[in-house]
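This report considers how helices pack against one another and how aromatic rings pair. The reader is invited to keep the structure in view while reading.

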Amino acid sequence: MAEAAKVDPMHQFTIQPMFGTEHWQIAGYNIAFTNSSLWMAIAAVALLVFVAGGMKRELVPGRWQMAVEGFTGFIDNLLAANIGPAGKKYVPYIFSLFMFILFANLLGLVPLGLVGAHPFTFTSHFTATGVLAVMSFAIVLIVGFWKHKLHFFSLFVPHGTPLVMIPLIFAIELVSFLVRPFSLGLRLFVAMMAGHVLLEVLSGFVINGINAGLGIGPVVSVLSFVLMIAICALELLVAGIQAYVFALLTSLYLNDAENLH
Amino acid sequence: MPQIAQLAETWSSQIFWMLVFFGFIFFVIGRGMVPKVMATVEARDQQIAKDLAAAEAARAAANAEEEAWRVESNRQRAEAQAVVAKAKAEAAKASETRLAKANAKIEAKLAEAEAKIAEARSGALKEIEKVAAEAAGDIVTRVAGLSVDAKAANAAVKEALNG
């Protein structure tokens with residue numbers, strides 16, 4: 001079973017510097033342009049092309065314009081439902097967040113391995129999702145303290161809390177509030193990584209099953225392959241859902257900052 | 001797990017490029033393009049609302065026009081009927097006066113004619129009386145050989161004629 005070791009499900013997450021940029025630095029910090037950065041760039045360019053295609057600004061929209069307007073309308077509705085009229089100003093941020101994550105998740109699922117390229121899902125790295133999560137959390141803090149000053153702390157004391165319970169509730173609410181950036185970033189990272197690992201493990205089963213020769217091996221391969229197809233469909237769903245969850249939770253947190261309770 | 005194994009060497013690069021590309025997306029796409037897309041949607045919604053309002057206004061105007069036309073036509077019909085009624089009344093009056101005038105003329109002629117007839121009749125009666133008296137006088141003279149006074153004869157005739 002020497003060949004089994006070759007299918008390493010974690011190898012796909014390896015970050016490699018590209019184009020000989022591994023020594024790029026700013027103030028001593030390495031900023032090598034890696035395969036992760038490359039796929040961020042690809043996602044950004046794809047999103048730029050997608051939105052630019054919807055910029056014809058026709059009164060009667062074509063299909064492409066309709067699709068782009070559908071996404072902006074979706075984000076607009078999300079914010080209007082969760083925050084209200086004050087949510088309008090967050091549309092650019094939530095749209096960027098949602099579309100960037102969505103494009104990253106979907107591009108990471110493109111089966112480019114068939115032509116030898118290696119798609120990289122940078123949303124399966126908590127260093128990447130963490131940046132987005134911390135950014136969202138920072139905006140919540142800034143907006144909250146800007147709008148409500150120190151009154152923002154009343155967020156941690158729900159209405160109708162008995163007086164004796166206030167210290168305890170305050171502590172619990174504060175911790176649950178401070179956990180938000182971690183849960184936000186880790187949720188996306190874990191969901192994307194789990195899916196990709198699962199696909200890789202199953203593909204390992206397919207290869208090892210075939211290599212095992214006649215017998216139970218090919219049966220395992222066929223079953224695993226069928227399961228892979230189903231999980232690919234599931235992963236497409238997860239890609240959309242995780243992007244939506246990230247945008248939705250950010251908008252809910254922004255609602256706390258805008259409207260307190 | 002490369003996410004943790006490579007953390008020390010890659011975290012700065014990951015954060016840097018994430019900020020670069022997310023910043024690009026936020027400022028160029030989110031701030032630059034999305035508002036334009038949404039403005040287009042807004043403009044379309046407003047256009048639709050405006051067109052609907054214009055159509056509604058046009059419908060109301062058409063209704064008002066029709067109502068005004070109906071009122072006008074009713075008024076004109078009433079006017080026409082008044083004119084007809086007045087003409088009828090005038091004609092009836094005129095024919096009545098002419099009829100009355102003709103009637104009066106006829107009546108006058110009739111009265112004149114009746115007077116003439118009466119005169120003629122009384123004339124004729126006197127003639128007959130006179131003739132009868134003369135005849136009676138003559139008859140008496142011839143039959144009885146008496147000469148009768150004309151006056152007596154007249155009285156006798158009158159008595160016999162008038163019973």
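## Helix packing and aromatic pairs

In this predicted model, helix α2(A) passes α3(A) in a right-handed crossing. On the α2(A) side the contact involves A:Phe71, A:Thr72, A:Phe74, A:Ile75, A:Asp76, A:Leu78 and A:Leu79, while α3(A) supplies A:Val91, A:Ile94, A:Phe95, A:Phe98, A:Met99 and A:Leu102. By class, these residues comprise eleven nonpolar, one polar and one charged.

Two packed helices are described by the angle between their axes and the distance between the axes. Helix α2 of chain A spans residues 63–82 and helix α3 of chain A spans residues 91–109; their axes come within 10 Å and cross at roughly 120°. This angle makes α2(A) oblique to α3(A).

Helix α3(A) also packs with helix α4 of chain A (residues 126–148), at an angle of about 165° and with the axes 12 Å apart. The angle is over 145 degrees, and α3(A) is therefore roughly antiparallel to α4(A). Their crossing is left-handed. Here A:Tyr93, A:Leu97 and A:Ile101 of α3(A) meet A:Leu132, A:Met135, A:Ser136 and A:Ile139 of α4(A). This contact has six nonpolar residues, one polar residue and no charged residues.

The aromatic rings provide a second topic. Over all chains, the count comes to 19 aromatic pairs. Two of them are set out below.

| Pair | Distance between ring centres | Angle between planes |
|---|---|---|
| A:Phe50 and A:Phe71 | 5.7 Å | 80° |
| B:Phe26 and B:Phe27 | 5.0 Å | 70° |

The planes of A:Phe50 and A:Phe71 stand at 80°, so the pair is edge-to-face. A:Phe50 lies in helix α1 of chain A (residues 35–53) and A:Phe71 in helix α2 of chain A, so this pair ties together parts that are 21 residues apart in sequence. A:Phe50 counts as buried, at 14% relative accessibility, whereas A:Phe71, at 25%, counts as partly exposed.

For B:Phe26 and B:Phe27, the planes are at 70°, so this pair is edge-to-face. Are its members buried or exposed? B:Phe26 is buried, with a relative accessible area of 16%, and B:Phe27 counts as exposed at 56% relative accessibility.

In chain A, one aromatic cluster is formed by A:Phe50, A:Phe71, A:Phe74, A:Phe98, A:Phe103 and A:Tyr244. Among its members, A:Phe71, A:Phe74 and A:Phe98 also take part in the contact of α2(A) with α3(A).

Note on methods:
Residues numbered from 1 in each chain as written. Chains lettered and ligands numbered in written order. Predicted model: local features only at pLDDT ≥ 70, side-chain atom pairs only at ≥ 80, totals over all residues. Heavy atoms only, no water. Axes fitted to C-alpha atoms, helices over the stretch in contact; angles between N-to-C directions. Helix = DSSP H or I, 4+ residues; strand = E, 2+ residues; numbered from the N terminus. Parallel < 35°, antiparallel > 145°, perpendicular 65-115°, else oblique. Left-handed = near helix turned anticlockwise from the far one by under 90°. Contact = heavy atoms within 4.5 Å. Nonpolar A, V, L, I, M, F, W, Y, C, P; charged D, E, K, R; others polar. Phe/Tyr/Trp six-rings, centres within 6.5 Å; stacked < 30°, edge-to-face > 60°. Buried < 20%, exposed > 50% of the residue type's maximum accessible area, 1.4 Å probe, protein only.
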